[in-house]
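Here is a friendly look at a ligand site and a second spot elsewhere along the chain. Please have the viewer open as you read.

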Amino acid sequence: MAEALQQGEALPEETHKYMANAIRALAMDAVQKADSGHPGMPMGMADVATVLFTRFLKFHAAHPGWPDRDRFVLSAGHGSMLLYALLFLTGFPAMTLEELKRFRQLHSRTPGHPEYGHAPGIETTTGPLGQGLGNAVGMALAERLLNKRYGDEIVDHFTYVIAGDGCLMEGISQEALSLAGHLKLGRLIVLFDDNQISIDGPTNLSVSDDQLERFRASGWHTAKVDGHDPEAVALAIANARAVTDQPSLIACRTVIGYGAPKKQGTAATHGSPLGEDEIRGARDRLGWHHAPFEVPKPVLASWRAVGARNAVAFERWQAGANRLEASARAHLTDPIDQDVRGKIGIAVKTLKSDFSREAAKLATRQSSQKVLERLLPIIPGLIGGSADLTGSNGTLTKLHTIVKPGDFSGNYIHYGVREHAMAAAMNGMALHGGIVPYGGTFLVFTDYCRPSIRLSALMGKRVIYVMTHDSIGLGEDGPTHQPVEHLAALRASPNLNVYRPADSVECAECWELALRTEATPSILALTRQGLPLLRTVHTDDNLSARGAYVLAEPKGRRDVTLIATGSEVQLAAAAAKALQAEGIEAAVVSMPCWELFASQDQGYQDAVLGTAPRVGVEAAVDFGWRKWLGPHGIFIGMRGFGASAPAEELYKHFGITAGAVEIAARDLVGKPKK
Ligand SMILES: Cc1ncc(C[n+]2csc(CCOP(=O)(O)OP(=O)(O)O)c2C)c(N)n1
């Protein structure tokens, strides 16, 4: 068996065969034991993966967090056993044989689809097809951005992806590949499992695309190889690595379920255990005469040598990294360390005080832009962008410079009209480390990035979505552009903080929270229309940090509590004033972040919400509001879609006014207006 190989060096044919067959056997055995899973893809791509890992992939199994490792993304996440087998064989910590035997079981490190954080070496959560490809574009972009800042000695790696027919059929693939081609991400190499099979059967049931032509049309370098010919695969990868100004697609023609005597080449191997007979037949055919889960010592030793193949490169890198300033070294993985947090805190306080003093009427999208302008210089790795709505979203400041094809010195990305790829790429950048991504579009188009937002939340990554034009308040663009159900839908997601600031001060506070929250993504829902400043009295404290707070408390008793978010807090405040003139004492609660408020202790929640009857007001549907209003509270908001008209007229038309809040409050306290 082979000792550690040098970069690109070929394995003896027999050795390669054994090593690849180890993957195949582990995949068959684990799926069989779990009685569920996908053996076909790992068996088909075992040769390609073996070539990649043994000859090219820069990684060090003992140091899975090496910032300059090549990233390996299994976009076809259903083939998770390919990844788990590789992690076990190469000796990643935590990926034991026991874990392979517990494939798909509760609390294992080997869930049905690879989940980020479950074991070192799982670079991203995949399974929703195409997402991994989108993540990889972000990773490859992050690599170039950081390379430009740190130099070749510290950041110089590739991003490899295994994607199947399914990934390439998904719409997100088009957005992602188009963006990668445009930006000339030469360090991105996609290995396409071109097995012509998906679940329903042969892919010609549903697709006739010439994938190579499609990628070429977007500026990719492409190649087509026999995925079971290690030398051909190696040559194609070597060629792809040499192309520096284009991403590469290598279509690897493979046989799904390779080795299974009756089922190989058919959809039957895609997502079901092969069965004992077929597995026995495959063992014979592959010449793998070992018990289930048994990997002969020499084969394992060869694989373990691969896991340590880059030990010298790792040490060399470490020596270079040690020469960096401590803060630069820290920011390579986490741009918001203690020091930067402190700076953000100070900057936000100053900004809040300025906002309060100036008391200007600003749309929160404009306040957000001002916040960004203040924070950009103090947060290394803060990378902004928008999906072709830069001016509308206020995501660009005069301090930014633009990332251009092949020029990664900038810090702002024109993602184009590719919301989904933007979100997936932001996940990839956040996963890569060293980057805090934020990106904008209209709130209504969270629908176009929802699958990636969901994964930001599931993976617990700090991705900041700047979603402007957050209600009917956007006005004339009409109901197609007016989100009504989106806040509710986003709030339904676990581990996603949805912020809807009421004015400039809250906007600064929400930005601070979004940046400080490491393991939760954030949505900033911002207005198009100008809002008066409500927080006229400066507080150093971040009042939004507890999700909701009492903005105005009557001196004596509380007759009614008016709860609102974002642009509607001003309506609650105006209603409270009017009510007071009529002898009704109303408290105003601003609730910029439901999730943070829900996580407060009961005592705080009770103190804020009080025991008086409640009125809620938000220019959106009432879904979820019962939780805060109780059974008898009244909600003022939208009951259906919006309409096209000037914003002020729309608020009147839909009855979302201070007057409506006042009437509701009067009804609740038993003093209806005469
Ligand atoms: C977005 C999304 N839609 C549907 C699925 C369900 N699904 C999993 S694998 C698959 C077919 C994938 O075909 P291919 O990429 O060719 O994989 P192979 O059959 O070669 O393993 C489908 C439809 C999914 N995981 N994600």
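Which atom of the ligand lies 2.7 Å from a polar side-chain atom of H270? The partner of H270 is an oxygen atom of the ligand. This is a predicted model, in which local features need pLDDT of at least 70 and side-chain atom pairs pLDDT 80 or more, while totals for chains, interfaces and linings use all residues. Residues are numbered from 1 along each chain as its sequence is written, and side-chain values use heavy atoms, leaving out hydrogens and water.

Polar contacts here are pairs of N or O atoms within 3.5 Å:

| Protein atom | Ligand atom | Distance |
|---|---|---|
| H270, polar side-chain atom | oxygen | 2.7 Å |
| I197, polar backbone atom | oxygen | 2.6 Å |
| G127, polar backbone atom | nitrogen | 2.8 Å |

On its own the ligand has 590 Å² of accessible area (Shrake-Rupley method, 1.4 Å probe), and the protein covers 73% of that. Around the ligand are 15 residues (a heavy atom within 4 Å), and H78, G166, N195, I197 and H270 come nearest.

H270 sits in the loop between β5 (248–253) and α10 (276–286); strands are DSSP runs of E with at least two residues, helices runs of H or I with at least four. H270 counts as buried because its relative accessibility is 12%, buried meaning under 20% with a 1.4 Å probe and protein chains only. Beyond its sequence neighbours within four places, H270 is in contact (heavy atoms within 4.5 Å) with residues including H38, H78 and I256.

Now to C593, in the loop between β14 (586–590) and α22 (594–598). C593 is buried, at 0% relative accessible area.

How values were computed:
Buried means under 20% relative accessible area, exposed over 50%, partly exposed in between (1.4 Å probe, protein chains only). A polar contact is a pair of N or O atoms within 3.5 Å; within protein, one must be able to donate a hydrogen and the other to accept it, and residues adjacent in sequence count only if both atoms are side-chain atoms.
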